[in-house]
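Work through the exercises below with the sequence and the structure side by side. Try each task before you read its solution.

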Amino acid sequence: MNLVLLEDEPILCEELAEYLGENGHSVTVAKSIAEFRQVFIADLHRIVIVDLGLPDGDGTDLIKQLRAARQRVGIIVLTARNTTHDKVSGLIDGADHYLSKLADLDELNATVAALGRRLVADALPCWVLQAAPRQLIPPGFPPIPLSGQDYVVLHALASGGDVTRQSIVGALGERYLDYDQRRMDTQMRRLRRKVEQACGLQLPVTTLRNIGYRFHDPIELRD
């Protein structure tokens, strides 16, 4: 599980990051809200572990902002504020789990694992095609920069269903009768290779003989 640990106490932060890493998680550390905003990648990080008392603000406000932005992320509060009122308020504000810093490390790891299983079960693999900047975001991986031609081809495929070669050529601003079909084959091979080299996934595009192509996974278009 890719997660961000937001904790400003150096010794505790190091201990938690080391422990979670030993249990198979990929941990990115942030020691302030400002640093969190620099390192957090919405389409990569699946869980954030948040302390509430931070040097540049209250972690509760960050949780509210993440929920208001509809970020698909699991949130675990790990804090010294451990009254019943604090816990209820934290859960209402958007935390999935609320743990005391006195909690055993095994309890934290079990909570991360349980939340991770739920997130995986709830989430459909979804690719994202973004216009500005031009990039393709595979599910669970960082963005892949695209050329203008890459973007146009993927945008045509993202329209859904069976997409003809004529449609793609037209989107590229070319005349189909004058277009060398080998260029299309080369373009698709290059796109597939780019995605596989970037993240190890296969580009979910099926070649339809004598017709064109189909993008067969869910894909979201973003401006």
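**Exercise 1. Find which residue of strand 6 is the bridge partner of I47, and then describe how strand 6 is placed among its neighbours.**

Solution. Keep in mind throughout that this is a predicted model. Begin with I47, whose bridge partner in strand 6 is G74. Next, widen the view from this one pair to the strands themselves: strand 3, which covers residues 47-50, pairs with strand 6 in the parallel sense, over four bridges. Then turn to strand 7 (residues 97-100), which runs parallel to strand 6 and is joined to it by four bridges; here L78 stands opposite L99. Finally, follow the chain from strand 6 through helix 4 (residues 84-93) to strand 7, and you have traced a right-handed β-α-β unit.

**Exercise 2. Decide which residues of strand 6 point one way and which point the other way, and whether they are buried or exposed.**

Solution. Start from a general rule: in a regular strand, side chains alternate between the two faces of the sheet. Now apply this to strand 6, where G74, I76 and L78 point one way, while I75, V77 and T79 point the other way. To judge burial, use the cut-off of under 20% relative accessible area; by this criterion six of the six residues in strand 6 (residues 74-79) are buried.

**Exercise 3. Work out where the buried residues of helix 3 lie around its axis, and then examine what is found at its ends.**

Solution. First list the buried residues of helix 3 (residues 59-68), which are G59, T60, L62, I63 and L66. Looking down the axis of helix 3, you see that these buried residues fall within an arc of 160°, and therefore they line one face of the helix. At the N-terminal end, D58 acts as a cap, with a side-chain oxygen 2.8 Å from the backbone nitrogen of T60. After helix 3 comes R70, which has a positive phi, near 55°.

**Exercise 4. Identify the edge strands of the open sheet with the order 10-9-8-14, and explain why they count as edges.**

Solution. Read the order first: the four strands form an open sheet, 10-9-8-14, with mixed pairing. Strand 10 (144-145) and strand 14 (219-222) each have a single partner strand, so one side of each is left without a neighbour in the sheet. Further in, strand 8 (residues 127-130) and strand 9 (residues 135-137) run antiparallel and are joined by three bridges, and one of the pairs is V128 with I137. To finish, locate helix 6 (residues 148-157), which lies across strands 8, 9 and 14 and runs at about 125° to strand 8.

Technical notes: Residues numbered from 1 in each chain as written. Predicted model: local features only at pLDDT ≥ 70, side-chain atom pairs only at ≥ 80, totals over all residues. Heavy atoms only, no water. Buried < 20%, exposed > 50% of the residue type's maximum accessible area, 1.4 Å probe, protein only. Helix = DSSP H or I, 4+ residues; strand = E, 2+ residues; numbered from the N terminus. Pairing = 2+ DSSP bridges. Right-handed = clockwise from strand over helix to strand, strands pointing away. Contact = heavy atoms within 4.5 Å. Axes fitted to C-alpha atoms, helices over the stretch in contact; angles between N-to-C directions. Arc of directions from axis to C-beta. Polar contact = N/O pair within 3.5 Å; in protein donor to acceptor, adjacent residues only side chain to side chain.
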